[in-house]
Amino acid sequence: VDMDTHKKMPGTKFLLKESWVLFINNWKKLTFISLVPILFGGILLFIIFIFGRGPLINTNSTFGTLLDIFISLLIVLSSIFLVLLSYYSQLVLFKYVLNIKNGLVSLKTAYKETLQLLFPAIWVLILIFLIAIGTLPFVIPWIIVTVYTSFALFVIMDNQGRGIKSLCIST
C-alpha cells in the first residue's frame with residue numbers, strides 16, 4: 001500500500017477542539033435532543049405515580065385489581081416507548097452532528113431523516129445482537145465481531161448502507 005495515496009488523519013487535539021467548537025455553537029439544540037427522552041420519562045413516571053396505588057384504592061375490589069393490571073401494562077408499554085425514544089434520540093444526535101458537518105443545521109431535517117432510518121437501525125441492532133449471541137461462547141471471535149459491527153449504526157446514519165450492507169461496510 002502506497003502511503004502517499006492516503007490522507008493523514010487529524011490528531012486527537014484537533015478533533016477535541018473541533019468537537020468542542022461544534023458543541024459550543026449548537027449546545028441548545030444538542031441539549032434539547034438529549035432531554036426529550038428524560039422529559040417524556042418524567043411525565044410518564046408522574047402519570048404512573050398519580051394513578052398508582054394510593055389510600056383511595058381498595059385492593060380487595062375488582063376495580064383495584066383491574067387498575068393494577070392497567071398500571072402494570074402502562075409501565076411495560078411506557079418502558080418500551082422510552083427505550084425506543086431514547087434510541088431514537090441518540091440516532092437524532094448522530095444525524096444532527098453529521099448534518100452540521102455537511103452544512104445543514106436544521107433540527108427538523110435531522111428528526112425527519114432519522115425517522116426514515118429508525119427501522120433499518122433497529123434491524124441492524126437485532127442483527128448485531130444475534131451475531132453477538134451466536135459468537136458469545138467463543139470469546140476471541142466475539143470480541144472481534146463486536147468491534148467489527150460496532151460502527152454499523154454510523155454507516156446507516158451516514159446513508160452509506162442499510163441492513164446487512166451496513167454491517168459489511170462497518171467491517
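F81 is partly exposed in this predicted model, because its relative accessible area of 40% lies between the 20% limit for buried and the 50% limit for exposed. F81 sits in helix α2, and its aromatic partner, F40, sits in helix α1. The two residues are 41 positions apart, so the pair links distant parts of the chain. F40 is also partly exposed, with a relative accessible area of 39%.

## Aromatic pairs

A pair of aromatic rings is described by the distance of the centres and the angle of the planes. The structure holds 3 aromatic pairs. Among them is the pair of W20 and F23, with ring centres 5.8 Å apart and planes at 35 degrees. That angle falls between the limits of 30 degrees for stacked and 60 degrees for edge-to-face, so the pair is tilted. Both residues belong to helix α1, where they are 3 residues apart, about one turn of the helix. W20 is exposed because its relative accessible area of 54% is over 50%. F23, at 34% relative accessibility, is partly exposed.

Another of the aromatic pairs is that of F40 and F81, which is edge-to-face. Its ring centres are 6.0 Å apart, and the angle between the planes is 80 degrees. This angle is over 60 degrees, which means that the pair counts as edge-to-face.

## The chain as a whole

The chain has 6 helices and 0 strands. Along the sequence the pattern reads α-α-α-α-α-α. Of the 171 residues in the chain, 28% are buried. The accessible surface comes to about 12300 Å², and carbon and sulfur atoms account for 75% of that surface. Among contacts with a separation of 6 or more, 61% are between residues 24 or more positions apart.

## Individual positions in the helices

The table lists four residues with the helix and the relative accessibility of each.

| Residue | Helix | Relative accessibility |
|---|---|---|
| N26 | α1 | 13% |
| L35 | α1 | 37% |
| I131 | α3 | 32% |
| F154 | α5 | 39% |

Is N26 buried or exposed? N26 is buried, because its relative accessible area of 13% is under 20%. Leaving aside neighbours within four places in sequence, N26 is in contact with Y96 and I100.

L35 is partly exposed. Its C-alpha atom is separated by 9.5 Å from that of S86, a residue 51 positions away along the chain.

I131 belongs to helix α3, which covers residues 107-135. I131 counts as partly exposed at 32% relative accessibility. Which residues does I131 touch, not counting those up to four places away in sequence? I131 touches V145 and L167. For I131 and V145, the separation is 14 residues along the chain and 7.8 Å between C-alpha atoms.

F154 is found in helix α5, residues 152-157. With 39% relative accessibility, F154 is partly exposed. F154 and L91 are 63 residues apart in sequence, while their C-alpha atoms are 8.9 Å apart in space.

## The largest pocket

The largest pocket holds about 230 Å³ of space. Helices α1 (12-51) and α2 (62-101) are the elements that give two or more residues to its lining. The greatest contribution comes from α1, with 4 residues.

Which residues line the largest pocket? The lining consists of M9, P10, L15, E18, S19, L22, V97 and K101. By class, this lining has 5 nonpolar residues, 1 polar residue and 2 charged residues.

Methods: Residues are numbered from 1 along each chain as its sequence is written. This is a predicted model: local features need pLDDT of at least 70, side-chain atom pairs count only at pLDDT 80 or more; totals for chains, interfaces and linings use all residues. Side-chain values use heavy atoms; hydrogens and water are left out. On a 1 Å grid over the protein atoms alone, a cavity is a set of points where a 1.4 Å probe fits but cannot get out, and a pocket is an open set with protein on both sides within 12 Å along at least five of seven lines; lining residues have an atom within 4 Å of a point. Grid points are joined across faces, edges and corners, and a volume is the space filled by probe spheres set on the points. Ala, Val, Leu, Ile, Met, Phe, Trp, Tyr, Cys and Pro count as nonpolar, Asp, Glu, Lys and Arg as charged, and the others, Gly among them, as polar. Buried means under 20% relative accessible area, exposed over 50%, partly exposed in between (1.4 Å probe, protein chains only). Contact means heavy atoms within 4.5 Å. Accessible areas come from the Shrake-Rupley method with a 1.4 Å probe; for residues, only the protein chains shown count as cover. Rings of Phe, Tyr and Trp (its six-membered ring) pair if their centres lie within 6.5 Å; planes under 30 degrees apart count as stacked, over 60 as edge-to-face and the rest as tilted.
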